[in-house]
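Please open the model in your viewer and keep the selection panel at hand. The tour goes from one selection to the next and says what is found at each stop.

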Amino acid sequence: MERTELRLWRQREALFALRKAIEMHFGTSLRLVQAYIYDFRRFSRHSGLRGTNTQREIESRILKEFHRIEKGLTLKEPRSWFGRETVEITVQLCEQYRQRSDADLQLVDAAYTALRQYGQHFQEDAPEWWTHQAVIVEGWLEGRHVDPNCEGGFRSRSSEISGSDSSGLALSNFMRSRSSTRNFSSEIVPNTILRCAIDDAKRSPSVCNRQGTRIRLYSRGPETDKILKLQNGNRGFGNDASHIAIISADLSTFLIVGERNQGFVDAGMFAMTFQYSLHAQNVGTCSLNWSVGPRQDRRLHILAGIPDEEVVIMMVAVGYPETDSLVTNSPSRSIEQIDLSDVPLMTEGAFL
Ligand SMILES: Cc1cc2nc3c(=O)[nH]c(=O)nc-3n(C[C@H](O)[C@H](O)[C@H](O)COP(=O)(O)O)c2cc1C
């Protein structure tokens, strides 16, 4: 071996030894940093932070802006003709957006019907600036058939709550009757039920109604088993589930640094509603963690064909429980351990 080659070889060996030593001493911290870099890279690349004007980014901006108007209108005493800037931005974004070939025009319908209600809401005469916006809004809505499900704006709360089933007590009992299912029968859950559960779940609250949560369902079989192999908490029951759901958050729907963790919150709420809806239809579920490092996460993205802009939040095993199967007690902590309010709540409350 020549001298230069020998020197290079020694340098490489020294670097390798140094890396090993660092890994041994700081292994966990290093992996943590790597995981944060992995998350950082994905969020900074795919969220709406940089204003790249992708379809979904503009949609998220429109949703965010007109939802501000909707929200404002439901307040006790909204200031007359509040939010001029928000209204103008909404109209500007919608006008830009509707020119795109990939535009979802129902989103424009939603924004403009919300603005129409805004325009009809106040006693005081409309200011000059609104008259200009109203021409654009009405110009769009005129002669257009808007699907009632797509209308933005507000409605009366009384039309939402009906029937004795929605009484607090019934709901409370219902929630307490759910347990994670880890013993599934061979029966397949029909698509109609799964669809209904997604339909319920998509009504879960999300930041500014951004609705960034996505779900993918996989029915039982060898392909799904490959996915389950990557998850560490389903051994002994996952393969028997009728379906496995992967719940993810589309980062392009989040627009500011402060929203970097919002996907986890919104998808968590979505996942809960999804599971309650299935529970209401006698279908069992078990949440499955996706608490993994970058390597495992990459594997799942590739295997399931999940695009890089989506962050996987969790999975859910879905299926009919086997008759007479067991569930864990999973004792819950006392209210006193959880409620740390300065003034403890009285125990005679409605459902305590
Ligand atoms: C995000 C999340 C991930 C979970 N991951 C798993 C899992 O991988 N395997 C499992 O058997 N249970 C999992 N669970 C279920 C919990 O163990 C269970 O919800 C908890 O013990 C309470 O029991 P219960 O759901 O029967 O009320 C998970 C729950 C959540 C919320």
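A salt bridge is taken here as a side-chain nitrogen of Lys or Arg within 4 Å of a carboxyl oxygen of Asp or Glu. The model is a predicted one, in which local features need pLDDT of at least 70 and side-chain atom pairs count only at pLDDT 80 or more, while totals for chains, interfaces and linings use all residues. Residues are numbered from 1 along each chain as its sequence is written, and side-chain values use heavy atoms, with hydrogens and water left out.

Begin by selecting Glu 65 and Arg 68, whose side chains form a salt bridge with the closest N and O atoms 3.6 Å apart. Both residues lie in helix α2, three residues apart, about one turn of the helix; helices (H or I, at least four residues) and strands (E, at least two) are DSSP runs, numbered from the N terminus. Glu 65 is buried at 11% relative accessibility, whereas Arg 68 is partly exposed at 40%, where buried means under 20% relative accessible area, exposed over 50%, and partly exposed in between (1.4 Å probe, protein chains only).

Stay with helix α2 (residues 55-73) and add Arg 56, which meets Glu 309 in a salt bridge of 3.2 Å, N to O. Because Glu 309 sits in the loop between α10 and β4, this pair ties together parts that are 253 residues apart in sequence. Arg 56 is partly exposed at 30% relative accessibility, and Glu 309 is buried, with a relative accessible area of 18%.

Next select Asp 308, which forms a salt bridge with Arg 41 (3.6 Å, N to O). Asp 308 lies in the loop between α10 (294-304) and β4 (310-319) and Arg 41 in helix α1, 267 residues apart, so that distant parts of the chain are linked. Add Arg 42 and Asp 297 to the selection to see a network of salt bridges that links them with Arg 41 and Asp 308.

Helix α1 (residues 3-46) also holds Leu 30, which is partly exposed at 32% relative accessible area. Select Leu 30 together with Leu 15, Leu 18, Ile 22 and Phe 26, and a nonpolar surface patch appears, with about 460 Å² of accessible area together. Patches are made of residues with over 30% relative accessible area and no salt bridge, like charges being joined within 9 Å and nonpolar side chains (Val, Leu, Ile, Met, Phe, Trp, Tyr) within 5 Å.

Now turn to the ligand: which residues are closest to it? Among the 13 residues that surround the ligand, the closest are Ser 180, Arg 182, Gly 233, Ser 287 and Asn 289, a residue being near a molecule if one of its heavy atoms lies within 4 Å of it. An oxygen atom of the ligand is 2.8 Å from an N or O atom in the side chain of Arg 182, and nitrogen atoms of the ligand lie 3.2 Å from a backbone N or O atom of Ser 287 and 2.8 Å from one of Asn 289. The protein covers 62% of the 620 Å² of accessible area that the ligand has on its own.

Finish at Cys 94 in helix α3 (residues 84-97), which is buried at 0% relative accessibility.

Terms used
Polar contact = N/O pair within 3.5 Å; in protein donor to acceptor, adjacent residues only side chain to side chain. Areas by Shrake-Rupley, 256 points an atom, 1.4 Å probe, with all protein chains shown as cover.
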